[in-house]
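These are my notes from going through one model, entry by entry. The topics are a few single residues, the aromatic pairs and one helix packing.

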Amino acid sequence: MALHRDIFWVGRQWAVTGAGIQAVDQRLRGVLDIAIARLWDDDLVCSRRAKPGVNAADFDKALTVARERFPQTPEPDPILAHLEALGVVEAPVVSLVVPAMKLSAEGRLARFLPQWRIRR
């Protein structure tokens with residue numbers, strides 16, 4: 001797997017990219033890569049660090065940079081969620097306004113799209 005196009009930090013063996021932590025050596029084909037969603041999974045991080053041939057200092061630096069770049073999202077408070085379910089605390093009202101028009105032409109040829117005009 002090639003490195004993601006957004007590269008934030010590059011070390012000797014590891015890089016922090018828009019996909020998370022990726023090995024610079026492309027012969028590994030993404031086997032040791034860590035996605036953004038799994039950066040805070042300590043079991044996965046420890047298993048990757050324990051692999052033979054991993055430069056631990058470079059991996060720790062990449063992990064530090066990645067965790068600063070992609071902070072952990074806070075988990076919802078279970079007590080607050082329970083109170084909202086009981087109706088004691090009101091949940092914010094979500095607007096049900098539907099967009100008037102959505103145009104999409106991705107993956108289709110322009111000559112086969114229906115034509116439309118705006119009348120004045």
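**Entry 1: Val10.** I looked up Val10 and found it in strand E1. Strands (E, at least two residues) and helices (H or I, at least four) are DSSP runs, numbered from the N terminus. The model is predicted, so I took local features only at pLDDT of at least 70 and side-chain atom pairs only at pLDDT 80 or more, while totals for chains, interfaces and linings use all residues. Residues are numbered from 1 along each chain as its sequence is written, and side-chain values use heavy atoms, with hydrogens and water left out. Setting aside neighbours within four places in sequence, I list Ala15 and Val24 as the contacts of Val10; contact means heavy atoms within 4.5 Å. From the C-alpha atom of Val10 to that of Gln22 I noted 9.5 Å, for residues 12 apart along the chain.

**Entry 2: Gln22.** Gln22 has its place in strand E3 (residues 20–23). Is Gln22 buried or exposed? Its relative accessibility is 3%, so I entered Gln22 as buried. The classes are buried under 20% relative accessible area, exposed over 50% and partly exposed in between, with a 1.4 Å probe and protein chains only. The C-alpha atoms of Gln22 and Ala35 are separated by 8.3 Å, with their positions 13 residues apart along the chain.

**Entry 3: Ala37.** I placed Ala37 in the loop between strand E4 (34–35) and H1. Ala37 counts as exposed because its relative accessibility is 76%. Its C-alpha atom is 9.1 Å from that of Phe70, a residue 33 positions away along the chain.

**Entry 4: aromatic pairs.** How many aromatic pairs does a search of the whole structure find? I recorded two. Rings of Phe, Tyr and Trp (its six-membered ring) pair if their centres lie within 6.5 Å; planes under 30 degrees apart count as stacked, over 60 as edge-to-face and the rest as tilted. Phe8 and Phe70 form an edge-to-face pair, at 6.1 Å centre to centre and 70° between the planes. Phe8 is in strand E1 (residues 7–10) and Phe70 in the loop between helix H2 (56–69) and helix H3 (78–86), so this pair ties together parts 62 residues apart in sequence. Phe8 is partly exposed at 35% relative accessibility, whereas Phe70 is buried at 16%.

Trp14 and Phe59 also form an edge-to-face pair, with 5.1 Å between centres and 70° between planes. Trp14 belongs to strand E2 (residues 14–17) and Phe59 to helix H2, so I noted a link between distant parts of the chain, 45 residues apart. Both Trp14 and Phe59 are buried.**Entry 5: Arg69 over a ring.** I found Arg69 over the face of Phe8, at 3.7 Å from the ring centre. The criterion is NZ of Lys or CZ of Arg within 6 Å of the ring centre and within 35 degrees of the ring normal.

**Entry 6: H1 against H2.** Helix H1 (residues 42–49) packs with H2 at an angle of about 150°, and the axes are 11 Å apart. Axes are lines fitted to C-alpha atoms, for helices over the stretch in contact, and angles run from 0 to 180 degrees between N-to-C directions. H1 and H2 are therefore roughly antiparallel to each other; angles under 35 degrees count as roughly parallel, over 145 as roughly antiparallel, 65 to 115 as roughly perpendicular and the rest as oblique. On the H1 side I listed Asp42, Val45, Arg48 and Arg49 as making the contact, and on the H2 side Phe59, Asp60, Leu63 and Arg67.

**Entry 7: whole chain.** I counted three helices and four strands, in the order β-β-β-β-α-α-α along the sequence. Of the 120 residues, 21% count as buried.
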